[in-house]
Structures are given as C-alpha cells and as structure tokens.
Amino acid sequence: MMQFTRSAPPLPSIHPNGLGLCLDVDASKPSLHRSWPWPGLQTSSKSLGRLNTASCMEQLLVHCANAIESNDATLAQQILWVLNNIAPPDGDSNQRLTSAFLRALIARASKTGSCKMLTAVAARADADLALHLHRFSAIDLASFIDLTPWHRFGYAAANAAIVEAVEGLPVVHIVDLSTTHCMQMPTLIDLLANRPEGPPFIRLTVPTFTTTATPPMLDMSYDELGSRLVNFARSRNVSMEFIMIPSDPSEAFDSLIEQIRVQRLVSEGEAVIVNCQMLLHYIPEETVGAIVSTMNVNSPILSLRTMFLKVLRSLEPTLVTLVEEDADFTACDVVGRLRSAFNYLWIPYDAVDTFLPKGSEQRRWYEAGLCWKIENVIAQEGLQRVERLEPKGRWAQRMRAAGFRSVGFTEEAAGEVKSMLGEHAAGWGLKKEDEDLMLTWKGHNVVFASAWMPS
C-alpha cells in the first residue's frame, strides 16, 4: 500500500470542472523544484511545453505509474503536477487522452486511502464522470451510435453474415450479446423482412446484467425496449418473441447458456445465431484467476472465457459472430496495461474531432465513456477490472481451441461495410486480415469482425 509520508509538493486545488487540477500554482516557488526526476527540468511554461508530445506524455504517465506502484509519493505527486499542467482536459486529443489517464492514476493512488488530498480529487472526478455518463433514450442512443463506425462496422459485417447463414430457414433464434442494447436489431429485422422467401419467425434472447454495468447506459427498462422491438418487427410483418434472461459476464452467462440449451431441446430445426458485439471481453480470462472445469475433474484448469466458448460450442450454433476491439488490456502489471491502452485509445480521441464539435454535450458523453474505460483499466483490479480486451489473434486461437472454424465474409458483405464507411470521415478504412474484416483509423487497427461455425 502506498504511504504518502514524505515531504512532497502539495497538489494544486481542484479545478471547478472536476476533471483536472487548477493551474494556479506559482511555478517559481522553490518547493516545486525539489527532487525532480529529470535533472535540470524547470517548471516554466517553455520547459513544460517541450513535454507536450504524445510520446513524452506517455513516458510521464509510465513514470507516474511506477512511482505509485513503488510507493514513492514524492515523485508521484511531482509527476502528477507536471502532467496536470501539460494535459488540460479540454486540450487537443493527446492532452485529453493524457488527462483521462492522469485521473485514472489519481484514482488508483487514492484507493489506499492514505492520501486525503488525492482521495478528495478522485472523489470530485468520480462525481463529474457520473454526471456525464448519460442515460440515453433508445432513439438518442441509435443516433449517437450512428455518429461513428465504431459499432456500425460490427453491425454491418455481422448482419451480412447472419442473413446469409439463415437463408431459407423458417425460425431464427438470435442471442444478442452486445453492449449497445439491441441497437443492431432494427436493421437486421429489416434485412430479414425483405428476404425473397419471406421473413422468418425471430426469437431474440438478451441477457439483463445482474452486476456489470458499462457505458452506454439506457434510460428505459428492457421490458419497454423489448416491446418496442416487437412492435417494430410487427410493422415489418415479422413475428418476433423477445426473451430476457438475468445473466452476467462475470459468471460467463451461465444462466443464459442453460436457457438456450433448454430451448434447443424443445425447438428442433431452429437456427441459433450468437451475435457477440464487444461483450465477450467482459468475461473473466486467465489473469483474473483460473477455475477447474466442472465438466471433468481431471481436465486442465480453464478460465471462464475458455469455458464459455466450449459450452457455447456444445450448443451447436448455426453461426457465431464475434466483434471486438483489437487491443490487449490483459497485462497483470498496470504499466503494461497503461502502455497498451494509451497506444490504442488515442484513436477515439483523435477521431471524435471529425464528428462532434468541441464543447458539445454529445462529445462530453462520448469522452465520459472513454474515461470510464480508462479508469477501469488503470485503477481497478480483480473482478472489478472488467475491461479485459484481447487482440484478434488470441480470440481466433480461443475459438479454434473451442471447436469452431472461421467462415469469413463474402465480397458482398465487405462491399456493404465499405458503403457504410463512406458515410463517415476519410480516416476510416477497411481491410481483410485472414478471413476477418478489420476497421482501421488512419491505417491503425481498431475493431475486427469474424464469423464462426462449429468445425
């Protein structure tokens, strides 16, 4: 545990906006020049300006994280002061990114409770984050998601694969494992309604989380959401049943899986589609701690993530679509996660400038969601750290080990995704990697989409 017992320069007072610290400290005071980690560094605006690059800010964050982990309170508070001065929360994209990491580090340090000043700063920042974690109506959330291809990419790719997989089948059971509250479903219902052979009967099953709650938040019950979806389907001459199962990724959706297993026994000939949209990474993996498989006491130790995929395979689904962010947030050490997250999450901060004006309410909501993710990656540990992204290659290994084979996407599907990207800024792109589709921003991998069938 960190003990803030050394004589350290005090942190400046809290800024009124709750996201940063006031820049009202006189940098000429001798107390702010003691024991700097870089010999010769002065705190003039000119000197601090030289640190205002993405690489320098990343290194400062790494030094600060190391200081926090080694209980060096003096060094940690000094670096926090520097970071606060060079990374205002309303600055450019790199500054806002760094400011979010700064707050996450303060939250991590404050969890010891040994530094009252950092605890107060973190509490104010948490209150501000909660204020901006907006609860959307269904219509507002759909409009919000349409601003960027971050989710629309996965929707378009998965919908194309699903429509092809259920061609001619009269009953389709869709298990929607997504973070965006069924916002993909209206477009999929439309596509199925327009099939030449006529629409299928749709059974839509969704989990209602019992513990995990992540942005974006929905300001309505799932009962109301389901009613609206059923009415929408009816307006398209599609019969649909909406089923809610209390289930949570922290338990590998065990109650949901059991419900699907029962449904399979009573509904022969039903096509089961498991649509996974940026949700499976919330299932605990090996770094949380392993558990022994209940299926075989002599089997090797498995993670909940591995067990989920194996049980899913046993259900013989018609198709599994898997869409995830292509990054690795599973390092056991906070510095490793910080580096990985910093070098991935610059992308949404950079891209937001192309579709939301500075100071807009929607931009505050958007960046509040990013701040939540960063704080979870940096400040939380154990089961509370739910943002455990894995890269595409590791997910492919897991799927194959569980008994799935990749089926890829047709040229028509890729063309539909390209058409959708044409509605957004020029920085977004599409490429094929193996049989998967990859969304890119300025050439950097962002989100991958893959499709799988039992092998």
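Arg 405 stands opposite Met 453 in strand E13, a pairing found in a predicted model. The two residues belong to a contact between strand E10 (residues 404-406) and E13, which pair in the antiparallel sense over three bridges. From that spot we can walk through E13 and its other partners, then on to strand E2, the aromatic rings, the largest cavity and one exposed leucine. For orientation, the protein has 15 helices and 13 strands, and 56% of its 455 residues count as buried. Among contacts with a separation of 6 or more, 75% are between residues 24 or more positions apart.

**Strand E13 and its partners**

- E13 spans residues 444-454 and is mostly covered, with eight of its 11 residues buried.
- Besides E10, strand E9 (residues 319-325) pairs with E13, again in the antiparallel sense, and six bridges hold this pairing.
- Within the E9 pairing, Glu 324 has Phe 448 of E13 as its bridge partner.
- Strand E12 (residues 436-441) also runs antiparallel to E13, and five bridges join the two.
- On the E12 side, look for Trp 441, which stands opposite His 444 in E13.
- E12 and E13 form a hairpin with two residues between them. One residue to check in the turn is Lys 442, which has a positive phi of about 55°.
- As a general reminder while you inspect these strands, side chains in a regular strand alternate between the two faces of the sheet.

**Strand E2 and its parallel neighbours**

- E2 (residues 171-178) is another mostly covered strand: seven of its eight residues are buried.
- With strand E3 (residues 201-208), E2 pairs in the parallel sense over five bridges.
- A handy marker for the E2-E3 pairing is Val 171, which stands opposite Phe 201 in E3.
- The connection is worth tracing too: E2, helix H8 (residues 185-193) and E3 make a right-handed β-α-β unit.
- E2 also runs parallel to strand E6 (residues 271-277), and seven bridges join them.
- In the E2-E6 pairing, Ile 174 stands opposite Ile 273 in E6.

**Aromatic rings**

- The whole structure holds 11 aromatic pairs.
- One of them joins Phe 136 and Phe 144 in a tilted arrangement, with 4.8 Å centre to centre and 40° between the planes.
- Phe 136 has a relative accessible area of 4% and Phe 144 one of 12%. Both count as buried because the cut-off is under 20%.
- Another pair, Phe 329 with Tyr 344, is edge-to-face, at 6.2 Å centre to centre and 75° between the planes.
- This second pair links distant parts of the chain: Phe 329 is in the loop between E9 and helix H12 (334-351), while Tyr 344 is in H12 itself, 15 residues apart.
- Phe 329 and Tyr 344 are each buried.
- Phe 136 and Phe 144 turn up again in an aromatic cluster, together with Phe 355, Trp 365 and Tyr 366.

**The largest cavity**

- A search of the whole structure finds two cavities of 30 Å³ or more.
- The largest cavity contains about 520 Å³ of space.
- Its lining counts 28 residues, and the closest to the centre are His 151, Pro 215, Pro 216, Gly 369 and Leu 370.
- Four helices each supply at least two residues of this lining: H6 (138-145), H7 (149-165), H12 and H13.
- Helix H13 gives the largest share of the lining, six residues.

**Leu 383, an exposed loop residue**

- Leu 383 is in the loop between helix H13 (361-379) and helix H14 (392-401).
- The relative accessible area of Leu 383 is 55%, so this leucine counts as exposed, the cut-off being over 50%.
- Even so, Leu 383 touches Pro 284 and Val 288, leaving aside residues up to four places away in sequence.
- The C-alpha atoms of Leu 383 and Val 288 are separated by 6.7 Å, although the two residues are 95 residues apart along the chain.

How values were computed: Residues numbered from 1 in each chain as written. Predicted model: local features only at pLDDT ≥ 70, side-chain atom pairs only at ≥ 80, totals over all residues. Heavy atoms only, no water. Buried < 20%, exposed > 50% of the residue type's maximum accessible area, 1.4 Å probe, protein only. Contact = heavy atoms within 4.5 Å. Pairing = 2+ DSSP bridges. Right-handed = clockwise from strand over helix to strand, strands pointing away. Phe/Tyr/Trp six-rings, centres within 6.5 Å; stacked < 30°, edge-to-face > 60°. 1 Å grid on protein atoms, 1.4 Å probe; cavity = no way out; pocket = protein on both sides within 12 Å on 5 of 7 lines; lining within 4 Å. Points joined across faces, edges and corners; volume = space filled by probe spheres on them.
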